[in-house]
Amino acid sequence: MEVRLLGPVDVVADDGSPVAVPGQKLQLVLAALAIERGKVVSPERLVDILYGDDPPRQPANSLQVLVSRLRRSLADAGEPAAIETTDAGYLLAAGDGLGTDLERFDALVARARAALTHDPAAATADLRAALGLERGDPLAGLPSDGWARGERARLGEARLSAVEDCVDAQLATGAHAAVVPELERLVDEHPLRERLWAQLMLALYRCGRQADALRAFADARRRLVEELGIDPGADLRRMEAAVLAQDPALDPPAPPPEAAPSPAPAIAPVPTAALARPRRQGNVPRPLTTCLGREGDLAEVLDLLASHRLVTLVGPGGAGKTRLALEVAASVAGDAPDGVWLVDLAAVTDAGGVLAALVRALGLDEGALAGSPVPRSTDEVADVLAERRMVLLVDNCEHVVDDVARLAETLLARGPELRILATSRETLGVPGEFLFVVPPLPLAVAVDLFIERMAAGGQASVPDEPEWLRAVVDICERLDGLPLAVELAAARARHLDVIELAGRIDRRFDVLTEGPRTAQPRQRTLRAVVDWSYGLLDEDERRVFERLSV
């Protein structure tokens, strides 16, 4: 059995089947014990992790109930004695049949670092395998504050350190040209990490781009001065001096000789069972931005999807339905042996397009689901999926809602293990459907979202001015906490003073016009969002809409 922490917290049995650990509190206890596997964690510490400054009246009893429920869940995976009780507290046993993906990560990284100086190719392979264990943000689905926040930051630092080691290993094999694009992305995401800047300078120099290497040093120095008020450290300054002097020590490594390589020094092997990964399937993309303020909504939707086979996220355009659905998809991936599959209907324009989009998404026309014939009707698709244990994420249903409803009803009737998570601006109206209305963001979270997205556009720091912050609060409040509207406003703030933007927000349809180029056209401006909804109304509904707008 393996406890997985490098993504949504879940458990996988030896045969690869998921083990249900329902609820955030159970997952918190499991994560705390798994991170300290083999060590005793005191009841007081667990209560603090679970409840922080707001414990229940009888915290010890509440903890005992949670541990008992967790034991039952792990017993289903064949580990009835996984959690041991001692006089000092609880511990997750360190038996041969029990492990964590974090331990696999640490073992691979340790082995790679031992091999880095004499076998950088092997070190690269091990580090890539370690980084490949990621399934999203560490401890995804747990609270964004308290203990989980600290552990998430620690695990994130360990990952970034492994990324830097992997770059060193690739540079040692002569792959300097291959790592330049990745390093350019990394220094943009982590501009204060001097090691990454030094690696970028070295890679550029080895590519014959001495001027670009020196320009990278200037960029690093500018960022450090602007954000921290400090100059680059000694290592980065030495790299600049070496580039200026064209130091031979910076030259690429010599190619390996043609003769057979000598045996590498013995390294303690990582057990084969520890390196095995459960097979994963699906096509759900990993979002490029963080999802703020949706922890409670995520937990509630996960609970609904665990007990209902059709859950529809409903809400107005820009409410964040798709973003929340992607977070749910990442969290349930371990519970779906046949994968989580995204069916995006945004571009579908006719009735037959719904079935075609499903077939393409599942790869049924290319054999992605092995052994499946190419289906040409709803019944044939239902037959193919009848025995599958999968989750379908059907996104943007509102303009083809009737066709989606018929398809969903057929698939669910034929596939007892199939679950569907849909997003729509209106209900599907299928028997057994459970609705979750996606709420707007709380004001404080909307403000955080505005500031984070504005920073991503180049705003290095937040002005420490009450008037500036009041303007941001006013913008978010007048946009009703609608995530898309807040993000569009943050994008506009890259070119318009925030206080001025607050004064113009009444003309929001003329101002909020800078959505991502890769977004659907109806998501690029606030006017397009409303136009899309208006276009779906019948004549009577449009008349009501127009009268309400007055």
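**Exercise 1. Helix 1**

What span should the 12 residues of helix 1 (residues 24-35) have at 1.5 Å a residue, and how far apart are its end C-alpha atoms?

Solution. Note at the start that this is a predicted model.
- Step 1: Use the rule. The expected span is 1.5 Å times one less than the number of residues.
- Step 2: Apply it. For the 12 residues of helix 1, the expected span is 16 Å.
- Step 3: Check the model. The end C-alpha atoms of helix 1 are 16 Å apart, which agrees.

Next task: find how many residues of helix 1 are buried, and say what follows.

Solution.
- Step 1: Recall the cut-off. Buried means under 20% relative accessible area.
- Step 2: List the residues that pass. The buried residues of helix 1 are Leu26, Gln27, Leu28, Val29, Leu30, Ala31, Ala32, Leu33, Ala34 and Ile35.
- Step 3: Conclude. Since 10 of the 12 residues are buried, helix 1 is largely enclosed by the rest of the structure.

**Exercise 2. Helix 4 and a salt bridge**

Repeat the span check for helix 4, then find the salt-bridge partner of Arg111.

Solution.
- Step 1: Helix 4 has 15 residues, so its expected span is 21 Å. Its end C-alpha atoms are 21 Å apart, which agrees.
- Step 2: Look for buried residues in helix 4. Among them are Leu102, Phe105, Leu108 and Arg111.
- Step 3: Follow Arg111. Its partner in a salt bridge is Asp126, with the closest N and O atoms 2.8 Å apart.
- Step 4: Place both ends. Arg111 lies in helix 4 (residues 101-115) and Asp126 in helix 5 (residues 120-131), so the pair ties together parts that are 15 residues apart in sequence.
- Step 5: Check exposure. Arg111 and Asp126 are buried.
- Step 6: Recall the principle. Side chains of opposite charge can pair when their charged atoms come close.

**Exercise 3. Two further salt bridges**

The structure holds 32 salt bridges. Describe the pair Arg209 and Asp212, then the pair Arg425 and Glu398.

Solution.
- Step 1: Arg209 and Asp212 meet through their side chains at 2.8 Å, N to O.
- Step 2: Compare with the cut-offs. Partly exposed lies between buried, under 20%, and exposed, over 50%. Arg209 is partly exposed because its relative accessible area is 32%. Asp212, at 24%, also counts as partly exposed.
- Step 3: Turn to Arg425 and Glu398. Their side chains form a salt bridge at 3.8 Å, N to O.
- Step 4: Place this pair. Arg425 is in the loop between strand 10 (419-424) and strand 11 (433-437), and Glu398 is in the loop between strand 9 (391-395) and helix 16. The two are 27 residues apart, and the pair links distant parts of the chain.
- Step 5: Check exposure. Arg425 and Glu398 are both buried.
- Step 6: Look for a network. Salt bridges that share partners join Arg113, Glu157, Glu164, Asp165, Asp168, Arg193 and Arg195.

**Exercise 4. Surface patches**

Which residues form the negative surface patch, and which helix gives the largest share?

Solution.
- Step 1: Name the members. They are Asp402, Glu426, Asp538, Glu539, Glu541 and Glu546.
- Step 2: Find the main source. Helix 23 (residues 539-549) gives the largest share, 3 residues.
- Step 3: Take one member. Asp402 sits in helix 16 (residues 401-414). Asp402 counts as exposed because its relative accessibility is 53%.
- Step 4: Turn to a nonpolar patch. Leu192, Leu228 and Ile230 make a surface patch of about 240 Å².
- Step 5: Place Ile230. This residue is in the loop between helix 9 (210-228) and helix 10 (234-245). Ile230 is partly exposed, at 39% relative accessible area.

**Exercise 5. Positive phi and a contact in space**

Where do Leu139 and Asn396 lie, and are they buried or exposed?

Solution.
- Step 1: Recall the usual case. Most residues other than glycine have a negative phi.
- Step 2: Leu139 departs from this, with phi near 55 degrees. Leu139 is in the loop between helix 5 and helix 6 (146-172). At 0% relative accessibility, Leu139 is buried.
- Step 3: Asn396 is not a glycine, yet has a positive phi of about 65 degrees. Asn396 is in the loop between strand 9 and helix 16. Asn396 is buried, at 10%.

Last task: compare sequence and space for Ile420 and Leu392.

Solution.
- Step 1: Ile420 lies in strand 10. Ile420 is buried, at 3% relative accessible area.
- Step 2: Ile420 and Leu392 are 28 residues apart in sequence. In space, their C-alpha atoms are 4.8 Å apart.

Terms used:
Residues numbered from 1 in each chain as written. Predicted model: local features only at pLDDT ≥ 70, side-chain atom pairs only at ≥ 80, totals over all residues. Heavy atoms only, no water. Patch = residues over 30% accessible without salt bridge, like charges linked within 9 Å, V, L, I, M, F, W, Y side chains within 5 Å. Areas by Shrake-Rupley, 256 points an atom, 1.4 Å probe, with all protein chains shown as cover. Salt bridge = Lys/Arg side-chain N within 4 Å of Asp/Glu carboxyl O. Lys, Arg positive; Asp, Glu negative; His and termini not counted. Charge placed at Lys NZ, Arg CZ, Asp CG, Glu CD. Helix = DSSP H or I, 4+ residues; strand = E, 2+ residues; numbered from the N terminus. Buried < 20%, exposed > 50% of the residue type's maximum accessible area, 1.4 Å probe, protein only.
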